Amino acid sequence: MKYLYFPGCSLKSSGRSYEESLLSVLKKMNVGVEEIDDWNCCGATNYMAMNERNAIGITARNLALAEKQGKEDIMAPCAACYMGLLKTQKYIETEPKVKETVLTNLKKSGLEFENTSKVRHPLDIFINDISLDTIKDNVYAPLKGVKVACYYGCQLTRPYATFDDQRDPQSMENIVKALGGTPVEWPIKTRCCSGSMTSTVSEIGLRMSYLILKEAKDRGADVMITACPLCQFNLECFQGKMSGKYGENVKMPVMYFTQLMGMAFGLDKKELGLHRMLSPELSLS
Amino acid sequence: MTMKSTQNNLPLQEISHESDLDKNFGKHIAKMAHGEKLFGCIQCGNCSASCPMSVYMDHTPRKIIAMIRAGFRDEVLSSKTIWLCASCYNCTVECPKGIKITEIMYALKRDAILTKNYPKGFPIPILSRTFYNEVKRSGRINETSLLMKYYFSYNIFKSLGYAALAIKLFFTGRLILFEKGIKNKAGLKQMLSSSKN
Amino acid sequence: MSNQKEEIRIGYYVCHCGHNIAGVIDVKSVAEYCAKLPNVVVAREYKYMCSDPGQELIQKDIKELNLNRVVVASCSPLLHESTFRGATSKAGLNQFYMQMVNIRENASWVHESKEEATEKAKDLSRAAIHRVAFNKALEKKKVPVNPTALVVGGGIAGIAAAMSLANAGKKVYLVEKDPTIGGYMAKFDKTFPTLDCAACILTPKMSSVLKHPNITLLSYSEVSEVEGYVGNYKIKVTRKPRYVKEELCVGCYDCITACTFKEGKFPDEFNFGLSKRKPVYIPFPQATPLVAVIDEKTCIHFKTGKCPQTCAKACERNAIDFTQKPEVVELNVGVVILTTGFQPFDAKKASNYGYGKYPNVFTSLEVERLVNASGPTEGHVVLRDGVTHPKSIGIIHCVGSRDEKTNKWCSRVCCMYSLKLAHLLKEHSGAEIYNFYIDMRTPGKGYEEFYDKLLNEGVQFIRGRVAEVNDWATTPEEKGKLLIRAEDTMIGMVRRIPVDMVVLAVGLEPGKDAQEIRKMFNISCSNEGFFLERHPKLAPVDTFTEGVFIAGACQGPKDIPDSVAQAGAAAAQALALIDTGHVELEPNTAFITEERCCGCQVCVAMCPYTAISFDPVKKASSINEALCKGCGTCVAACGSNAITQNLFTDVEIMSEIDGILIN
Ligand code: SF4
Ligand code: SF4
């Protein structure tokens, strides 16, 4: 099993521990990963707000680079990158005019593009390629009694992804169960965390992230797991600020689902980037 | 909708005259968003109700659709709503008429930028522009330089509020000061289309 | 090419159909063009060929110009072929010498370019002019109609249709798949807008059906095979075993009381699972027929064979019979009325409303039973726990209606039944009631007035489609409640409304078995899967299969008054057919030229209507004209070229093709 890896900008900076833990866990399960050479930013939500053809164009460049490199599926761990890549594929399929411009532009920089790769999120890969049984087999320290709030955020399951239910996804819950933990039932796991609004209009952004943390805490979660670097950043890094602002302590461990997997697999904290986290640590007794 | 002031400073809303409206606006936006279905909107408000941002918006998403259709071009383009859309796609997957509302919001953002109609002094368009140029320049986003540039063009004092966080991120190795960018910057530049939207 | 002895004299008529054709096609130039074609004696255009003056035009020409062929270029033959055939025969010419060309559905309605549409009209007309020279004079066969009717489905529509026919003195078989007739109406408490008690008006009708000397009720039965043709259908009906002898059972409940299960244990279908029943049960006290039924899926005897059979012992009339097997009855009928109804939308599919996840989310049908005095709670409105009275209730309209993700159509009845439920819930519980609607649709006699009554009763109306129902409480008052989130579009604000109970107004869908029934009776369905009427305005209860009529919700969502009205219309159509005494069959049947038949019997196996049989003595196949539907399958399949089909002979088809190609 091998995948072409599209890390995206965040996994190389603020989301480093996502990359570290993901690669460690995959290594433990003997899954090969090869980074796409000279990949560029996916454009996130901002590019589409400025220029459609270029937004599709820069993402198509990544898909074209991947095609050049191999036939394997592309693994995109960041929800925004993942959605952006899927969206680009859809646009190329359904909008002939956009396709024409994009292909011509790619040609200008010497790239051919056939739109043949499959784009996958690690959750999809864990569940459907690697299987829950293999995950179970790798568990060293089961998460007995640990209550986990699985938070998906928005773009991971919407609107193009097909590997899970859009309204009530279960992939992370199933992984938590395989790890021996207990997923918490809660109604807002796909509600948006506000994205970059924690820095632009923080009075709105912080409140939205706060509501998510508060609900998870109210439902008795010991830890929240995420599968997107932006969600993670918002929910992890502003806990002090929110607790002060809204007069309610919402501090709790927030980590990538791959970090939690790594912990259950008995991997080293450093390997999982746990030393980089700003939210409280999850102690497994 | 022209607003006039009465003696007591009460805003007086005049009737909207057909001649004030841009009758082609709906078609124009539908084309930009690849979404002719926008005309099938039944004004059910499911989009607004599923939108996590709608409570902060000046017009709810449903109302924006109605205004687009009717031709309230200036009011729509200068609204904060379109910039508060977080692109979470909840409305799009829930709309009973299959209207791609998120893409319409994107099209409105682009149109607002093109026609310089976006709300002045509102931070979100500034971030988008900064982000756009940053990727154009280096191919990747360096969060440090992005935020620096963004705060510089928006509100330098605001960045101070984030200084403590920045320091923490730096010491945990999560804040990268220098991003080399991609190797083939020239190639990327070449392929970025000169097309306007 | 032509080898006829007689001189062919064709009259050609192109119709404007108002603007429908003439708005796109240059009819004048088409007529001028056709006038010059071989054998054409006269070519005319006229505003409405189907009108009396239009028809008279043809008749006058036939007589004065001695025409012996007629071509009419107008709308679909489905609509007016019989009109123009009639006009032709009135003028003394065999009606099959008239050929129709459809330049409306096939040209003017579907093309944007006027030039191209006009060219196409010329091409199609030329083809018909070539062909008509070879048309043969044919006669329609008359066959008698069996004066017996079959009604499939014992809901209110089926009951009404059966009663009308029976009262007119016709023998009727009424087939119902459930153990009792009554359908959905039997489960309702009150009916809108008059609020009269559904049972009070329905149950007398149900017992009249049972008592009527002209009606044979086959309950717990399904149609399994259909053969024959209009006037002469052969229907096989499978009677499912009740394990209780219908003729002996008097519905005394002794067996049910005596069942080894002391309490009901299995979800009761009649109450949508809100109560429990035993394996032996009677659906409800007014069930018709009032006969017990044993459900083999839950009965211990059928599961393990180790039941003491206390039920059988308790029955003084020895009605219980565990050895019953499915039984097939054969019926000969002349006409069929399908009243097979609908199925409610599965609320679980609208997963954002939490049905099945949050116990206090109910479907409207469950609530019909809850507010019903003879329902599982005797009319007390309580939550799923069976005791708590809700203080606030939200009714969500359009669940599984007007939604591209589920069903696109408006289900027509939900607004009104939601208003009714709002009224009844308020009356029974005093709770605060909120209605969430997209558009309020109250087009019926007294319906808008009912809405007005509700508005004044203090029921709250919020115009907005609910995005979701969940238990995400953000304030102390919201704790423990279900939260409904919708935009109040009239105000332009998003509202969160905490309630104790949510009612989902589920829409109407084609029945589960609609496709099977459609195939058996050889009728069509519209896109959404409801049975298709022959014409939406002018033949709303006819189908494309003669002698088969439709009524009620199997044709599309509709309420009780409309279903009953349609049932009456279908019964009238059926009566008209029966009382004519005979039907004329299209002579488009196939026949076999014995000398050419090699006896391979390929056709026998191919015929979908089992109309072909093989005669071992003659060593040739032959076709039963009465059964042949003229589908042409055998004609194409025959390797010996021994089969010919009237109206579609080789020379007719080839000359038509020639006409298209030769320009
Ligand atoms: S959800 Fe769709 S149909 Fe309803 S108001 Fe919004 S855009 Fe219109
Ligand atoms: S995509 Fe935008 S408009 Fe739609 S629900 Fe999300 S934030 Fe609201």
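How many helices and strands does chain C have? Chain C has 19 helices and 34 strands. The model is predicted.

**Overall build**

The C-alpha trace of chain C spans about 90 × 70 × 40 Å along its principal axes. The table gathers further values for the chain.

| Property of chain C | Value |
|---|---|
| Residues counted as buried, of 663 residues | 54% |
| Contacts joining residues at least 24 apart, among those between residues at least 6 apart in sequence | 68% |
| Exposed area supplied by carbon and sulfur atoms, of about 29500 Å² | 53% |

Charge comes next. Chain C carries 77 positive and 77 negative side chains. The centres of these two sets lie 3 Å apart.

**Helix α6**

Helix α6 of chain C covers residues 114-132. At 1.5 Å a residue, its 19 residues should span 27 Å. The end C-alpha atoms are 27 Å apart, so the expected span and the model agree.

Which residues of α6(C) are buried? Among them are C:Ala117, C:Thr118, C:Ala121 and C:Lys122. Further along, the buried set includes C:Ser125, C:Arg126, C:Ala127 and C:Ala128. C:Ile129, C:His130, C:Arg131 and C:Val132 are also buried. An α-helix has 3.6 residues a turn, so residues three or four places apart point the same way.

**Strand β20 and C:Thr363**

C:Thr363 sits in strand β20 of chain C, residues 361-363. Is C:Thr363 buried or exposed? Its relative accessible area is 11%, so C:Thr363 counts as buried, the cut-off being under 20%.

Leaving aside neighbours within four places in sequence, C:Thr363 is in contact with C:Ala347 and C:Tyr355. Its contacts also include C:Val503, C:Leu504 and C:Val506.

Conventions: Residues are numbered from 1 along each chain as its sequence is written. Chains are lettered from A and ligands numbered from 1 in the order in which they are written. This is a predicted model: local features need pLDDT of at least 70, side-chain atom pairs count only at pLDDT 80 or more; totals for chains, interfaces and linings use all residues. Side-chain values use heavy atoms; hydrogens and water are left out. Helices (H or I, at least four residues) and strands (E, at least two) are DSSP runs, numbered from the N terminus. Buried means under 20% relative accessible area, exposed over 50%, partly exposed in between (1.4 Å probe, protein chains only). Contact means heavy atoms within 4.5 Å. Accessible areas come from the Shrake-Rupley method with a 1.4 Å probe; for residues, only the protein chains shown count as cover. Lys and Arg count as positive and Asp and Glu as negative; His and the chain ends are not counted. The place of a charge is taken as NZ of Lys, CZ of Arg, CG of Asp or CD of Glu. The expected span of a helix is 1.5 Å times one less than its number of residues.
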